[in-house]
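Please open the model in a viewer and keep the selection tool at hand. The tour moves from an enclosed space to the aromatic side chains.

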Amino acid sequence: MKIHLWGTDFRRSSAELRKKLALSPEERAQKLNDLIRLGFKDVVYLWTCNRVEFYTTAEDYFCDTRPLWLTVLKSFGLAEEDYYRGYHLEGKSALRHLMRVASSLESMVVGEPQILGQLKGALTFNKENNLPLDRHLEQCFHLSFETAKKVRSETAIAEKPVSVASLGLKYLESMESDYPLQKAVVVGRSPISLMVLQWLKKNRPQCPVIWVNRNIEILKSYPEFQGLELLSLSDFLTGKIQFSHLFTSTASIEPIFNKGFFEKLGDQKKLVFDFAEPADVEHFVYKPVRVIHMEDLMEEARSNSRERAESVSVAEKMIEDAMKLYCLDQKEKPIIRDFNSIEPEFLKELEAAMALIEQEVPLEYQARVKKMTEKLVKKNLHLSREHLREILKKVTHSETDLLRVV
């Protein structure tokens, strides 16, 4: 297979590194054209807050695209060592990865639906901007879309949240009739806090949000702070800030919020989500305030996680089945099918060529030539039978004497 990719994600790199690889829609077409001029046949670019990937079509499986990827990183102002903060995949491994990404098996929150739309948008961008797009690469993307849809429709992979944050947000949605979301406060800068902020901005953009932290200056280094009111924790605790919802997830060893804090705010109904461990909110009884603690969510999250694991196993089998059918279909193409009839003849010619080495090559070079020939054949046979067949197809259509070439 000719598909190659380089990418990095939340597991392998920092948000700062991925931010350097971000391209705005206005500059994207020009930048991709610049990359193509470096020597790429085509480039499909995917960027999300947790993932950046570049897909391309190489001449063949064995084409060494590493120098091109290093040049790409350099053009973004990154160093050579940043190459190793990502992954470089080729052939079937690249296709399998693309299908896993589309099916959200590689997402931070497995089962989230947004990534499929983002992949479709990446492919559409190339078409709308008349950027080169190899037919084979487009086929791989459409195969990943079809497989992802099947995974979503035939498994329960997206039905139940497995993280306490996602589960808490589901509770928020189900309880909005009793606790209308009028003003939210998010405390801390943990990954859960950032996830809540992103969710609020996307799903409840009309809701005012206050972001609270011990040090508010550090919050300005996060892109999430745009459009939010920032407040220090000490000012929040001593003031009488009114809100309808509170989300807290800090590293504090002792509880930050107690019954007295909420009593001084009056009897307005409040919904509080304590995602911290140890808890940020003391256990208390105060009728106007409903507190959902981490332990309230953990058991349900564990149960959902077990069910999600079963769905992931089913999804992985679907991907492997789709890979198998696709590869078999490629082998059944007429040009490959016709080659089956000449394969035995090629092996005979190869044996004859090896025998002729002793006759045609000077004695002092024979051992070296034999070693090189065996290494070349073993490499092709071991790594890619399809690639070997492609080479042989070209050779059999050439007027060059096979024996003399070898």
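The stops below concern a predicted model.

**The cavity.** Begin by selecting A102, S103, E112, P113, L116, A148, V151, R152 and I157, which line the largest cavity. A search of the whole structure finds 1 cavity of 30 Å³ or more, and the volume of the largest is about 40 Å³. Its lining comprises 6 nonpolar, 1 polar and 2 charged residues. Next, display helix α6, residues 135–154, which gives the most to this lining, with 3 residues.

**A pair within helix α6.** Turn now to the aromatic rings, of which the whole structure holds 16 pairs. Select Y83 and Y84 for one edge-to-face pair, with 5.0 Å centre to centre and 85° between the planes. Y83 counts as buried because its relative accessibility is 9%, whereas Y84, at 56%, counts as exposed. Then select F141 and F145, also an edge-to-face pair, at 6.2 Å centre to centre and 70° between the planes. These two residues lie 4 apart in helix α6, so about one helical turn separates them. F141 is buried at 0% relative accessibility, and F145 is buried at 6%.

**Charges over rings.** Return to Y83 and add R66: the charged end of R66 sits over the ring of Y83, 5.0 Å from its centre.

**The phenylalanine cluster.** Finally, select F236, F243, F257, F261, F262 and F284, which form one aromatic cluster. Add K270 to this selection; its charged end sits over the ring of F243, at 5.4 Å from the ring centre.

Terms used. Residues numbered from 1 in each chain as written. Predicted model: local features only at pLDDT ≥ 70, side-chain atom pairs only at ≥ 80, totals over all residues. Heavy atoms only, no water. 1 Å grid on protein atoms, 1.4 Å probe; cavity = no way out; pocket = protein on both sides within 12 Å on 5 of 7 lines; lining within 4 Å. Points joined across faces, edges and corners; volume = space filled by probe spheres on them. Nonpolar A, V, L, I, M, F, W, Y, C, P; charged D, E, K, R; others polar. Phe/Tyr/Trp six-rings, centres within 6.5 Å; stacked < 30°, edge-to-face > 60°. Buried < 20%, exposed > 50% of the residue type's maximum accessible area, 1.4 Å probe, protein only. Lys NZ or Arg CZ within 6 Å of the ring centre and 35° of its normal.
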